[in-house]
Amino acid sequence: MYLTADARRLPLADGSVDLVVTSPPYWRKRDYGVAGQLGQEETPAAYTAAILDCLTEWRRALTPTGSVFLNVGDGYHRRSLAGIPGRIEAAAADAGWLLRNRIIWTKTRGNPDPARDRLTPRHEYVLHLTPRRRYFYDLPGYSERYGNGANPGDVWEIAPERGLSPHLAPFPVELARRAILLGCPRSVCTSCGHAAERITAPSAELDSSRPQARRAMQLATERGLTEAHLAAIRATGISDAGKALRVQTGTGRNSAEVQRLAAEAKVALGGYFREFTFGPKHTIGWTDCGHDTPRAGRVLDPFSGTGTTGVAAGELGRDYIGVDLDPGSHSIAATRQTQPTLAA
């Protein structure tokens, strides 16, 4: 769905979108020639106030489990960085938002820069903002794709995308894809608002691309270790003494049988037992509220431009609402849309 409207005055019902993923026009970077546009304010403070007006409106449109991923860059004013991301963070915090992450988008390539008295900027920020302490967040699913089951961290290395359209900002589909995987549920109940959450369980299948993991699985098979042995390793942790007692919740609290199985497994595996201690978790299902009234998760981009966020939403099987002041951008965006092919 595409709507022509101001990002500060959305023609949407309260609580109607699950996630906002957007990249507003950067301050004083480009004049799109559209009346009422954001980004041409006289000062960084005025630009920050305009962004805060947007956040206030987006909070109204978000469901109770919703959040915002805001891609924003900085710029120079009178030979000094304007500090735009930090200004937005502070203003949002004062308005009651929680800054859950300051993600660093580091670019694998960039435009030439003629500056001789400073380094060329090669990163931007993606601010993850939430209006409430509890919100939908699918870290296990994201980790399955990007971290082999571990938390991949807050640095995203993504190449900027190039395009011939004068409206197209360097906002890559991959960036939107990551935000949607993290923050938008695959389905939401229209009766009670329940957002389906991923159910995971530990797996003995380790990352076979790592030689240590391959050897650990080989030894476990050769020496007849059962799933009970591997579960015991996960329960006891690396050690039952010293620092492990403070940082691993299972240590020292397991039954004698679990400790016996863990000891057997550690003897069989030697140093490779560590590979199974924090083994990856795999998806085994999704939570269900009991109603049979689901809808797809809904992503909003209030500065949709040529529809980059919509491309990612379509790939991941989410519904999409694109809002822009320029009605001409919608026809370009429509040609970029794909049919839903993957629900993650």
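Let's start with helix α5: the cover over its buried residues includes α8 (256-269) and α9 (274-277). Keep in mind that this is a predicted model.

**Helix α5**

How far apart are the end C-alpha atoms of α5? They sit 16 Å apart, and that agrees with the expected span of 16 Å, because the helix has 12 residues (211-222) at 1.5 Å a residue.

Now look at which residues hide and which don't. A213, A216, M217, L219 and A220 of α5 are buried. These residues take up an arc of only 160 degrees around the axis, so they are on the same side of α5. Flip to the other side of the helix and you'll find P211, T221 and E222 exposed. After α5 comes G224, with a positive phi near 65 degrees.

**The nonpolar cores**

The largest nonpolar core has 31 residues, and the members touching the most others are Y47, L55, W58, V68, I88 and L300. Here are the elements that give two or more residues to this core:

| Element | Residues |
|---|---|
| β2 | 17-22 |
| α1 | 44-61 |
| β3 | 62-72 |
| α2 | 84-94 |
| β7 | 123-130 |
| β14 | 319-324 |

Which element gives the most to this core? That's α1, with 7 residues.

Want to zoom in on one member? Leaving out residues up to four places away in sequence, L300 touches L10, L12, V17, L19, V20, V21, I321 and V323. Apart from this core lies another one, made of 24 residues, including F69, W156, I180 and L181.

Key: Residues are numbered from 1 along each chain as its sequence is written. This is a predicted model: local features need pLDDT of at least 70, side-chain atom pairs count only at pLDDT 80 or more; totals for chains, interfaces and linings use all residues. Side-chain values use heavy atoms; hydrogens and water are left out. A nonpolar core is a set of buried Ala, Val, Leu, Ile, Met, Phe, Trp, Tyr and Cys residues joined through side-chain atoms within 4.5 Å. Buried means under 20% relative accessible area, exposed over 50%, partly exposed in between (1.4 Å probe, protein chains only). Helices (H or I, at least four residues) and strands (E, at least two) are DSSP runs, numbered from the N terminus. Contact means heavy atoms within 4.5 Å. The expected span of a helix is 1.5 Å times one less than its number of residues. The arc is that of the directions from the helix axis to the C-beta atoms.
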